[in-house]
Amino acid sequence: MDISTYSPPLTDKSSLRNFLIVFFTTLFLARVVQRLLTSILKSKSQTGSNEDDIYKAYKNLGGPQPFPLRLIGNGYLIIYKNDLLRMIVDMPRKYGLCYKLTVFNEDFVVLNSPEAAQALMMSPSMGHVRRGRLMEKIWPEEIESFVLYPGGEKFKNTRKMLAYPFKYKALKEHNHCFHKHSEKLVQQLETRFNGGDGTYIGIASDLLKKCTFRISSETLMGVDLDDTEGGEVFCENLDELMKIFTRRVYQPWLLIPLIWRLSSEYRKMKEVCDKMEKVTLKVIEKHKEKANLNQNDLSNTMIEVMFRNGVDEKLIFYEVAVMLGVANETTPLTAEQAMFFLSLHPNHQKLCHEEIDAVYNDPINWKSGVLEFEALKELKQLERCINETLRINPLTIIMRQLETPLRIDEKLVIPKGVSVIMPPYALHHQPQYYPDPEKYDPDRFLPDEVKKRHAFAFVPFSAGQRGCIGMKLAMIELKVILATILRHFEVKTVDTKEDLKFVIDPTIKPSRPIRFTLKKRQN
Ligand code: HEM
């Protein structure tokens with residue numbers, strides 16, 4: 001046997017060892033190459049776009065510790081549903097005016113400074129108007145409305161078309177309607193509250209809601225739904241539709257399309273929409289008849305504006321329902337809370353009484369048989385009380401998903417893809433903008449005080465491309481309703497601020513209706 005050519009047969013053990021050596025060496029070399037390549041690419045991209053520098057401030061933002069599983073992140077905070085408001089106010093004090101959250105696999109930045117609010121709201125970019133995935137998930141996809149359009153020409157054109165009925169000039173045409181329904185409300189309150197003898201303890205929220213519903217439907221649809229067949233049905237079902245929306249927020253499994261479609265909530269939503277649509281179609285028919293009879297007799301209500309622009313009837317129904325739904329969730333709540341604060345602060349109520357008496361008793365303001373529209377501007381004390389109510393409880397939270405980066409200031413740029421949340425509630429409760437923020441003090445809105453503050457330190461209606469389209473309507477409604485109530489009654493409450501727990505549901509509201517007593521005034 002030639003010993004030089006001999007090689008021992010490979011045993012199982014040595015072949016395994018060789019295999020492991022080759023495997024781990026290759027793995028090690030691959031890692032080294034990968035690291036090298038990554039660092040080369042990184043240094044190239046740093047010199048190219050300077051991306052790390054641009055987003056340095058964003059990356060360094062603080063925030064509450066997320067749950068290690070990114071899918072949950074800070075989403076666990078939802079279990080503190082009843083304490084969310086307190087947390088929203090406390091967090092900027094702990095983590096800074098802008099801080100980060102991760103919720104259900106999405107990155108959020110929460111903005112709490114007037115400068116940041118201005119940068120977001122007044123951005124002219126269409127990349128900053130999308131309400132975002134969270135809202136889009138909550139909103140049932142069956143209901144189409146411009147409120148959820150992510151931006152672009154369709155959003156711009158629809159918003160422009162729908163803005164007209166909310167302009168001062170168009171609202172002025174409905175002056176009579178604001179007063180008619182407010183007087184009706186006073187009669188109903190008088191009946192409920194024992195003729196206003198000051199003894200009966202009761203709630204006003206349902207009657208306030210009906211009143212704002214009648215005003216909104218008459219100004220937007222051109223008919224008093226209360227006097228229209230099925231009008232009552234529309235109102236009740238609208239309420240139910242809003243409750244279904246809310247239940248989807250707190251029962252997230254209903255956001256899974258299959259579960260949603262199989263759920264009783266879905267069937268209920270269909271039923272509710274069908275009933276409301278029938279009423280809307282009747283109203284559209286009336287408008288059609290009117291249009292055929294006299295082209296010059298057309299008003300500028302939302303329904304007619306859409307009808308004239310050739311909008312599909314189904315879409316008209318959805319836009320009207322959404323608009324009335326939003327109106328129903330906001331204005332009556334503010335009216336109820338304004339009454340509450342005035343009850344707790346009789347000194348401010350007295351000032352309002354004096355101002356209202358002076359304006360309503362001046363014959364100059366009654367030239368047309370109804371209080372002149374312009375006279376509402378003289379109700380300055382009342383306006384300050386409404387503003388202070390909206391400061392303490394601004395009702396909604398603003399949300400956007402950035403489709404292009406958003407520059408907040410010289411340092412902070414938030415990258416695209418991130419969502420931003422702007423809770424006016426937190427901003428309005430920061431002591432650096434409003435000293436002693438829990439104190440009800442309408443004088444904060446005296447002209448000299450307002451001048452001292454940043455213009456975006458008070459944003460209950462938001463502003464800019466996506467700001468509240470119904471702001472003027474809401475302020476006029478609030479003024480007329482509250483002035484009419486205060487003209488007739490002295491308002492008191494048996495509740496204290498501590499009795500009322502404010503929750504996010506989906507707007508910020510007391511967890512139960514506020515209780516009042518009403519005493520008729522001699523004015
Ligand atoms: C006190 C009453 C009200 C308050 C505090 C309020 C507040 C707000 C806020 C904060 C927004 C969000 C804006 C944003 O995302 O930047 C909004 C949007 C909106 N509001 Fe109001 N609102 C009130 C009354 C009304 C009324 C009476 C209507 C209609 C009749 C209305 C219709 C709308 C609509 C349609 C939007 C969505 C606008 C869009 O997506 O472009 N609001 N409101």
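# Questions about H15, the ligand shell and two sheets

Of the 23 residues around the ligand in this predicted model, Ala327, Thr330, Ser462, Cys468 and Gly470 come nearest. The elements that give two or more residues to that shell are H15 and H20.

Q: What makes a residue count as near the ligand?
A: The cut-off is 6 Å, taken from the C-beta atom as placed from the backbone. There are 23 residues around the ligand.

Q: Which element gives the most to the shell around the ligand?
A: That's H15, with six residues.

Q: How do the residues of the shell divide into nonpolar, polar and charged?
A: You get 13 nonpolar, eight polar and two charged. Gly goes in with the polar ones in this scheme.

Q: Why is H15 called oblique to H20?
A: Helix H15 (residues 313-344) and helix H20 (residues 471-488) pack at an angle of about 40°, with their axes 10 Å apart. Roughly parallel needs an angle under 35 degrees, and roughly perpendicular starts at 65. The angle of about 40° fits neither, so H15 is oblique to H20. As for handedness, the crossing of the two is right-handed.

Q: Which residues of H15 and H20 meet?
A: On the H15 side they are Thr330, Thr331, Thr334, Ala335, Ala338 and Met339, and on the H20 side Ala474, Glu477, Leu478, Ile481, Leu482 and Ile485. By class, this contact has eight nonpolar, three polar and one charged residues. Glu counts as charged, and Glu477 is one of the H20 residues here. Thr330 also turns up among the residues that come nearest to the ligand.

Q: Why are H15 and H17 called roughly perpendicular?
A: H15 and helix H17 (residues 380-392) pack at an angle of about 105°, and their axes are 9 Å apart. The roughly perpendicular range is 65 to 115 degrees, and about 105° falls inside it, so the label follows.

Q: What does the contact of H15 with H17 have by class?
A: Thr334, Gln337, Ala338, Phe341 and Leu342 in H15 meet Cys385, Ile386, Thr389 and Leu390 in H17. That comes to six nonpolar, three polar and no charged residues. Thr334 and Ala338 of H15 are also on the list of residues that meet H20.

Q: What makes E3 and E8 edge strands?
A: Look at the order first: this open sheet of three strands runs E3-E11-E8, with antiparallel pairing. Strand E3 (202-203) and strand E8 (489-493) each pair on one side only, and that's what puts them at the edges.

Q: How do you know that E8 and E11 pair?
A: Pairing takes at least two bridges. E8 and strand E11 (residues 515-520) have five bridges, in the antiparallel sense. Phe489 has Lys520 in E11 as its bridge partner, and Val491 stands opposite Leu518 in E11. H15 packs on this sheet too, touching E8 and E11, and its direction makes about 85° with that of E8.

Q: How do you know that E3 and E11 pair, and in what sense?
A: Two bridges join them, in the antiparallel sense, which meets the requirement of at least two. For Gly202, the bridge partner in E11 is Phe516.

Q: Why do E1 and E4 stand at the edges of the sheet with four strands?
A: The order there is E1-E2-E7-E4. Strand E1 (98-103) and strand E4 (398-401) each have a single partner strand, so one side of each is left without a neighbour in the sheet. Neighbouring strands of this sheet are turned by 25° against each other on average, direction ignored.

Q: What makes the pairing in this open sheet mixed?
A: Strands of a sheet can pair either parallel or antiparallel. E1 and strand E2 (residues 106-111) pair in the antiparallel sense over six bridges, while E2 and strand E7 (residues 419-422) run parallel and are joined by three bridges. With both senses present, mixed is the word for the pairing.

Q: Which bridge partners go with these pairs?
A: In E2, Cys98 has Leu111 and Leu101 has Phe108. Val110 has Ile421 in E7. The hairpin of E1 and E2 has two residues between the strands, and Phe104 takes a positive phi near 45° there.

Key:
Residues are numbered from 1 along each chain as its sequence is written. This is a predicted model: local features need pLDDT of at least 70, side-chain atom pairs count only at pLDDT 80 or more; totals for chains, interfaces and linings use all residues. Axes are lines fitted to C-alpha atoms, for helices over the stretch in contact, and angles run from 0 to 180 degrees between N-to-C directions. Angles under 35 degrees count as roughly parallel, over 145 as roughly antiparallel, 65 to 115 as roughly perpendicular and the rest as oblique. A crossing is left-handed if the near helix is turned anticlockwise from the far one by less than a right angle, and right-handed if clockwise. Two residues are in contact if their C-beta atoms, placed from the backbone, lie within 7 Å.
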